[in-house]
Amino acid sequence: MRIKRYLRNSVEFTLRQAGYELAPLGVSAPKLSFIPFKKTLRSAQKLGISVGDYIDRTSNVPGATQQAIDQMQALGIFDRDFQRICEIGPGSGRYLEKIKQKCSSAYYEIYEIEPDWAQWLVETYHVTAQPCDGKSLSSTPSKSVDFVHAHKVFTCIPIMASFQYFNEMARVIKDEGIILFDIINENCLDHDTLEKWFQVGYFYPVMLARQFVIDYFQNLGVHLIGNFYSAIGPGKSEYLIFSSHKVWRDTAIEETMAIPNIGFENMRYPQKRYRFSIYLVECSCSS
Ligand SMILES: C[S@@+](CC[C@H](N)C(=O)[O-])C[C@H]1O[C@@H](n2cnc3c(N)ncnc32)[C@H](O)[C@@H]1O
């Protein structure tokens, strides 16, 4: 027993020195390490392009961000006058930048778990970074938000964190508000696509069952009003859009958006770069 405690203490001490803490899976703040902050900024600067375009170019399909924004526009998402917008996990802000341009007068708050990126977004886009515990929107009052959204977040974080966020999204939207996010579901994964994910060495994807997610929101009083597909890695994710408001329900374009052409062949992948990221889900960084 004493040897076990000694070994545990030694491991904990060593990890603390490196800025990590040992915690049982599911208890630590659920997070997946995002791309390195300084290195990404430097690389984008060197190429003379925006950080968003750099990320599209290097770890997604060029133009994928704009394509998703165009789909949202086509669904009429930006036709309304949003007063308060909340985004979970904006990362580099590649969606934030474009959405903020369309809704310039809205109060825009973010829940981003990586402090460097959160701080940078505050300075660059003048958004409000709320304290982020990795699973709740605790600084946002109930029924206060017009549009709560996330991109490529529930495709990779532990499912318990995703469902806690789903609860929270349903809590914070106004009666006429909109919830939008993408997931990798059974429509997005087949054996060939799985093989491509293996080939590029990306181990982060998490699959959520489509109908289960829709039923979950239905129980919370919000209904699917639209969907579209978007490129992620060598595959695709499906955007699901929900609202409780009758007007939105009556104009729903559910299940009619075409699957865009996913230009995987044009992608440049750093082979096997994120092989260890699956283990990082179990660590929470204390610095
Ligand atoms: C794959 S990135 C996507 C970033 C951005 N939305 C985009 O599409 O470029 C996932 C983002 O979620 C953040 N994240 C990871 N776990 C989180 C959590 N539990 N709560 C909030 N943000 C989280 C990461 O730091 C990162 O910014």
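The legends below describe close-up views of a predicted model of a protein chain with a ligand.

**View 1. Overall content of the protein chain.**
The chain contains 11 helices and 9 strands. Of its 287 residues, 38% are buried. Counting contacts between residues at least 6 apart in sequence, 72% join residues at least 24 apart.

**View 2. The open sheet and its strand order.**
An open sheet of 7 strands is arranged as β4-β3-β2-β5-β6-β8-β7, and the pairing is mixed. The edge positions belong to β4 and β7 (223-232), each of which pairs on one side only. In general, strands of a sheet pair through backbone hydrogen bonds, either parallel or antiparallel.

**View 3. Strand β2 and its burial.**
Strand β2 covers residues 84-88, and 5 of the 5 are buried, so the strand is largely enclosed by the rest of the structure. Side chains in a regular strand alternate between the two faces of the sheet. In β2 both faces are covered: one side carries R84, C86 and I88, the other I85 and E87, and all of these are buried. The charged residues R84 and E87 are thus listed on opposite sides of the strand.

**View 4. The partners of β2 on either side.**
β2 pairs with strand β3 (residues 107-111) in the parallel sense over 5 bridges. Within this pairing, E87 stands opposite I110, and I88 stands opposite Y111. β2 also runs parallel to β5, to which it is joined by 4 bridges. The bridge partner of E87 in β5 is H149. E87 therefore has a partner in β3, namely I110, and another in β5, namely H149.

**View 5. The β-α-β unit.**
Helix α5 (residues 94-102) forms a right-handed β-α-β unit together with β2 and β3. The two strands of this unit are parallel.

**View 6. The nonpolar core around L240.**
The largest nonpolar core has 60 residues. V148, M169, I179, F181, L240, I241 and F242 have the most contacts inside this core. Apart from its neighbours within four places in sequence, L240 is in contact with F181, I183, V213, L224 and N227.

**View 7. The surroundings of the ligand.**
There are 25 residues around the ligand, and F34, G89, G91, G134 and K152 come nearest. Sorted by class, this shell has 15 nonpolar, 5 polar and 5 charged residues.

**View 8. Two loop residues with positive phi.**
H126 is not a glycine, yet its phi is positive at about 55 degrees. This residue is found in the loop between α6 (115-125) and β4 (128-129). H126 counts as exposed because it has 9 C-beta neighbours inside 10 Å, and the cut-off for exposed is 12 or fewer. K143, also not a glycine, has a positive phi of about 50 degrees. Its place is in the loop between β4 and β5 (145-150). K143 has 11 other C-beta atoms within 10 Å and is therefore exposed.

**View 9. Helix α8 and the glycine that follows.**
Helix α8 spans residues 191-200, and the number buried among its 10 residues is 0, so the helix lies largely in the open. G201 follows α8 and has a positive phi, near 75 degrees.

Methods
Residues numbered from 1 in each chain as written. Predicted model: local features only at pLDDT ≥ 70, side-chain atom pairs only at ≥ 80, totals over all residues. Near = placed C-beta within 6 Å. Nonpolar A, V, L, I, M, F, W, Y, C, P; charged D, E, K, R; others polar. Buried ≥ 20, exposed ≤ 12 C-beta atoms within 10 Å, placed from the backbone. Contact = placed C-beta atoms within 7 Å. Pairing = 2+ DSSP bridges. Right-handed = clockwise from strand over helix to strand, strands pointing away. Core = buried A, V, L, I, M, F, W, Y, C linked by C-beta atoms within 7 Å.
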